Structures are given as structure tokens and as C-alpha cells.
Number of protein chains: 2
Amino acid sequence: MGPGPSDVHPRITEALARPTIGHLDPAFVGMMDELKSLIQYAFQTQNRLTLPVSAPGSAGMEACFANLVEAGDKVIVCRNGVFGGRMQANVERCGGEVVAVDDPWGRAVDPAKVKAALEANPDAKILAFVHAETSTGAQSDAEALCKLAQEHNCLTIVDTVTSLGGTPLKIDEWGIDAVYSGSQKCLSCVPGLSPVSFSEKAVEKISNRKSPVQSWFLDMNLVMGYWGQGGKRAYHHTAPVNALYALHESLVMLQDEGLENAWQRHGDNHNALAAGLAVLGLDFVVPKEERLPQLNAVKVPEGIDEAEVRRRLLQDYQLEVGAGLGDLAGKVWRIGLMGYASRRDNILLCLSALGNTLKQMGCDVDPAAATAAACEVLDNK
Amino acid sequence: MGPGPSDVHPRITEALARPTIGHLDPAFVGMMDELKSLIQYAFQTQNRLTLPVSAPGSAGMEACFANLVEAGDKVIVCRNGVFGGRMQANVERCGGEVVAVDDPWGRAVDPAKVKAALEANPDAKILAFVHAETSTGAQSDAEALCKLAQEHNCLTIVDTVTSLGGTPLKIDEWGIDAVYSGSQKCLSCVPGLSPVSFSEKAVEKISNRKSPVQSWFLDMNLVMGYWGQGGKRAYHHTAPVNALYALHESLVMLQDEGLENAWQRHGDNHNALAAGLAVLGLDFVVPKEERLPQLNAVKVPEGIDEAEVRRRLLQDYQLEVGAGLGDLAGKVWRIGLMGYASRRDNILLCLSALGNTLKQMGCDVDPAAATAAACEVLDNK
């Protein structure tokens, strides 16, 4: 129950362990077509250029920036956590110019600040922001931010690593131009793959670049040849065959559940966990209306050694929760309720384990009351 | 029995499907230390900066070039197949200047030409070549080429994707500065990871770069923080946990067999296959003394539709062999004898299946005599 990788469903590890076939085998190529459709469904997009990058979410991020940013391009980057900062590093390494829009860690991106930045920088070409900040648990209003970008003729690059499958995300309806995610959060697949999708406008910019994409491995002009619709598949790199079996299975499971149902489940389970955490006297970092249901960042109580709590949870309960990163290091725990891990037994385990551990360490808390509060929410949803 | 991915041993898929734990879990961090030692053994190196890149071999290649090549650096690139050409593309995307040394596809790199290029370009900083060309089955004399580079104060970048575990490779003894490989060839692990290793001289160049590495994901200055020796592990990206379990298992198996024994096995099995192919009248692309035992490129007989042969092998025998790439497209088959796939039953299957298919298509061949010739070699080794 950390910030990812989340628990992997047994159906997915079973798929992962199937016999490895060639990455150009006709049976595998058929699966690639299905996989593309499944990712399109998860992203709610018809974008032709939709595929899994053969590497973790950080590489998916780099795929978006390296393909869309050319030297000298001005990019507005929203920074309200670790991953906004990483976006900035990506822009800089592509030779782009960063205009930073800062919000406090633990808050959503403020659309008013973005609007001001867009107005002050009419030559900006791209707006980049994180939909679901894994480092803080804050969710930004991607729809509103994309609308602003469109009004100012900017393309958008959006990090949805933690939102995909856990919280509403509608690429086409919101008009997102480039999006990347990860396999190991709300999809409950193994880590190592990054679904990405590019709009026609983004593809046009990529196709008309003045300079080649600086990464050969991530150059979408080349990757497209392997993931292209039907027809001949050009060899680009050896695909991670088994990991793709697993991603396929995880997306079939998401389709079986239904996206809206998955969003609802993540929301309901978050409400239950939040009710229990409130009974334990633990405060959220993020204001209620900006909270991600799948990533719950709570403040460590005064005087408690946060690392010792995590150590005991792991040792005594085999339960992992995440530490804080960056500005929040040592100050918060991050409790994931992602994908297969977002379920009743985990909520109760977490509340009992955390409650009992805090009690042992001298806090005046009532673990039984916390689990009861969570059950009440779940039973009355 | 294509050019990779090779057959994955059941022990390795079993490891792959183990429960996913956190990438910062103490138990996982312990496994990372073991993994580093195991890769050091496989590469025969003591290099501290030795780790698996979280992406396929093409990303490992890019990791070497993006870290070592700075804009304006002159790099001598040996081109005798597809992957030498890809090296050139990598140098160019890093802003380096390429001096190409060309040899025919199907031949080893000619040390005399490399010597001449080094002498003609005293300002060259790096020599890059492919040890084992997967596209042709040619093996170059890495030891001799590295010696030449050292005599001319050049660092070396060497592609060992197909050689690691299958043919002698001695990083420290030969003085290779940067090396990358793949998980899916002679290690018989699933595709998707790229073991890399950098000498102290290479690390010094990386640490003293004038410009940042253009890839954030592949920047060894950052990756080192996660794979660093002991101590605190800094979060960089979410490691592909399950794939690393599998790589660990494959390297334990290599250590159990012993590197020298693995090399011997690949050599013996190649001799047996070659004896059988000779009986079928199939000629190798590569002269005997330059052949890779694990990748056998043979010429398609006159008048035979090579794609139809591959289609029948796959359909009738569930046997994959590889097609030709680039200059050799349509002219050759590439038969892999890599890792777990390099064994007696596969040799016999391949010779019977290929022999019978060619016979059906009108060739005057004797499949039984071919398998007998292979058995004779194996029984008398």
C-alpha cells in the first residue's frame, strides 16, 4: 500500500509467466493490436499514436518531452511536487526554456496562475502539468488546465501515472495532446511499462520537427513503425514480450470492471480509509476537494519517528506504506489504494496495523474505532 | 530459435511471477546488490558502475552513447551490420561526429581499418563497435580492437547484446570502457532489460561532462544513486521489479553452470548444427573463423521463398527462425542457439524441420543425414 508498485493481481502474474514468443510472431502482433485498443479505452481516446513505451513511467515522461520539445521552445511547467520538478529537468535537457508556475506541495495546480503565465508568455508552445501528483496526493483539474492551454494555442503534456484507471481521465474530451502513465499504479500490472498517447496535433509537431528527436530509443517517428496500425511491422527494438502480456491482462480486467466502476471503487475505498484515518487523528496533506482517492498522504503525528513506523508495519504486518519525498520527506506517509490493492481487506489491515503501531509507540488512538468507521462507510455506500 | 528473444527457462518465468514488492523494500535492495555482483561475474568485471538498465538493449546502447558522447566529440564507429548503423544514429543524436569504418555485412570488423582510422583521427575520443553482430552472426575481435583504442587514448563502447553468456567476453581483461547487453539472448531471461557496465575511466568522463546527459532517464549520474554500492538508495524511477527477479535467476543459473561451460556448450552445439546444415547444403554467411556460435546466419537456397519457409516452420513445427535485416533481408535465415535454446533437442528439431520443409518445397536434401551428422558431432565432442 505504498505509492506503487501496487499489488499485482494473480491473473496478471499468471499472464506475465506465459511462454515468451518472438516480438514479430503473428500471434504477438495480433496481441499488440488488442493492446493498443485497450490502452485507447483506458485513456478514453481514439488517438492513433497510442502504445506502451518499453520502459517505466519516467521514460514515458521523457518520450513526451523529447518528442515534443525542440531547442528554444518555451514550455510552461507547473510544479507542485516531485514530478513537476522532473518535468522541468526534462524540458531543460531538451534545450527548452522553462516558465515555472509554482504551487505549494500538497495543493492542486492553480488555474489562475496558469492563465496568467499563458497570458504573459504568448510565445509558449507547451503547457505541462501533473494530473495526479504521486508525491503529495494532490489532483489537479486537467480539464480546466487543458482548456486554458487550447485558448492560448499551447499543446499539453500531462502526467497521469497515478490517475490512469483510478480517477476520471478523458484524453479526447479534455483535449490532452500528449499523455504518459505507468503500468504499476491503478492498473496493478508489474512496473516497467509506460502507456502513452499523442493527439493528431502532437503527431504533426513530431513529424515536422526541425531537428531529430534526441533519443533514438524514444523517437516516436521510429517507434510508430513497430506499433503502426496493421500492415508490416518494422523492427525497432525487442519488445518486452512478457511484460506486455501482463499489461494486456490488466487492461482486459479494467475493461471487464468498467472504467467508471473502477473510478467509483477507488473513490469509495478512499472515503472509507479517510474515515478511519480521521478517527486515528491523522490529517491529510491535501485539502478534501483536491485529494486523489488512490494516494493518501497523511501527516506524521508530532514526535513520532516516521521511519520506525514504516519499519514496524513492514516487519510486523508485511505492510508497505510510502515515505515522503522532497519537501515532504520525513513529514508524511503515503498510503496507496491503487488498483487491486484498493479493497476492503487492505483498508482494514492498514487502519489496524497503523493504529496498533501508533498505540505501541505511545499515541492515544483507538484502532478498533478506526476500522469500525471505515466499515460503516463501506457498508453504507 | 530466432535471433532473440530466446526460449526462457521455466525457472526464470517462475521467478518472474513472484509477488511484486516495493522497489525500495530492504529485501529488494538486498537482491539488487546480488544482481550487481552477478552481472559483474557475467561481464568478468569489477566495475563499480555495473547495473541493468530498466529497458531493452537499445536503451542500454543509448545509455552508453548518451552518457559518454558530448556535442562535438569525434567517435569512430565500425559498421558491419544493423547495429553498427544504430550506433552511428546514436552518436549523431548526441551531437557527436562520426568517423565510419565499414566492413561487409557478414564479416568481422577489420582491425587494420580501425588502426588506420585511429591514426588518421588523433582527436577521436571513442571507438565503438559491435562484438557480436546479431544481424549477420559475425564476431569481431574485441580484445584486439580495444587494444588499438587504448594505444590511441580512445575509450571503447562495445555492443555485447548477443555475446554475453554465449561466447568469451572479458571486460576487465580486454579493457572495455562501456558495455551493454540484453537479457533475452544467451541469458535466456525475458526481454526488457539491458545490463551495462562502465570502467573508472568512463565514469570519470561521465562525472566531468561539460553538459548534462541529454536523457534524464538514462543519466548514469542519477541512476548510480539508486544502484549505488550499499548505503541509502535514492529514488530515481520505479524499477521493473519482476523483470529483475527474472534476470537475477538467469544469472544465478549462469553462475551455476559456469561461464566457461556455457561458452563451451554454445560452441559445441554450434558445431553440431553447422555439421547438419552442411549436409543440407546450406552455406553460412560468415567465414568459419568469424562465426558466432549462438547466431547462425545461412544463405537461402536459390529459388526458395524464404518467408514461406519461415511461415511453414512456425505453423507446422512451432519453430521460429529469424529473417534477414537490412542488406541481408530476403537472403538469409538467422538461427539462434542461445542460452536455454542451445541444446540437443532444438538442433535436431531445427535440422529435421528445415530439412523436411525444403524437401517439400522441391530441394534435394536428406534431413535424416543432417540430424545424423549433428548427432555424430555431439556424441564425439
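Copies are superposed by least squares on the C-alpha atoms of residues with pLDDT of at least 70 in both. With that in hand, open the model, which is predicted.

**Both chains.** Superpose the copies. Chain B lands on chain A with an RMSD of 0.0 Å, after a turn of 180° and a shift of 0.0 Å along the axis. That is how a two-fold axis relates its copies. Now select B:A55. Its C-alpha lies 2.5 Å from the rotation axis, the closest approach of any residue of chain B.

**The interface.** Select the contacting residues next. On chain B there are 42, and they meet 42 residues of chain A. Colour these helices of chain B: α1 (10-16), α3 (57-68), α4 (82-93) and α10 (241-257). Each supplies at least two residues of the side that touches chain A. Which helix gives the most to that side? Pick α3(B), with 4 residues. Recolour by class: the side of chain B that touches chain A shows 19 nonpolar, 18 polar and 5 charged residues. Of the interface residues of chain B, 100% are also interface residues in chain A, so the copies meet through the same surface.

**A strand in chain A.** Go to β10, residues 295-299 of chain A. Here 4 of the 5 residues are buried, so the strand is largely enclosed by the rest of the structure. Add β12 of chain A, residues 332-336. The two strands run antiparallel, joined by 5 bridges. Zoom in on A:V298: its bridge partner in β12(A) is A:W333.

**Confidence.** Finally, colour by pLDDT. Chain A averages 96, and 99% of its residues score at least 70. For the complex, the predictor gives an ipTM of 0.96 and a pTM of 0.97.

Definitions and conventions: Residues numbered from 1 in each chain as written. Chains lettered and ligands numbered in written order. Predicted model: local features only at pLDDT ≥ 70, side-chain atom pairs only at ≥ 80, totals over all residues. Contact = placed C-beta atoms within 7 Å. Nonpolar A, V, L, I, M, F, W, Y, C, P; charged D, E, K, R; others polar. Buried ≥ 20, exposed ≤ 12 C-beta atoms within 10 Å, placed from the backbone. Pairing = 2+ DSSP bridges. pLDDT = per-residue confidence, 0-100.
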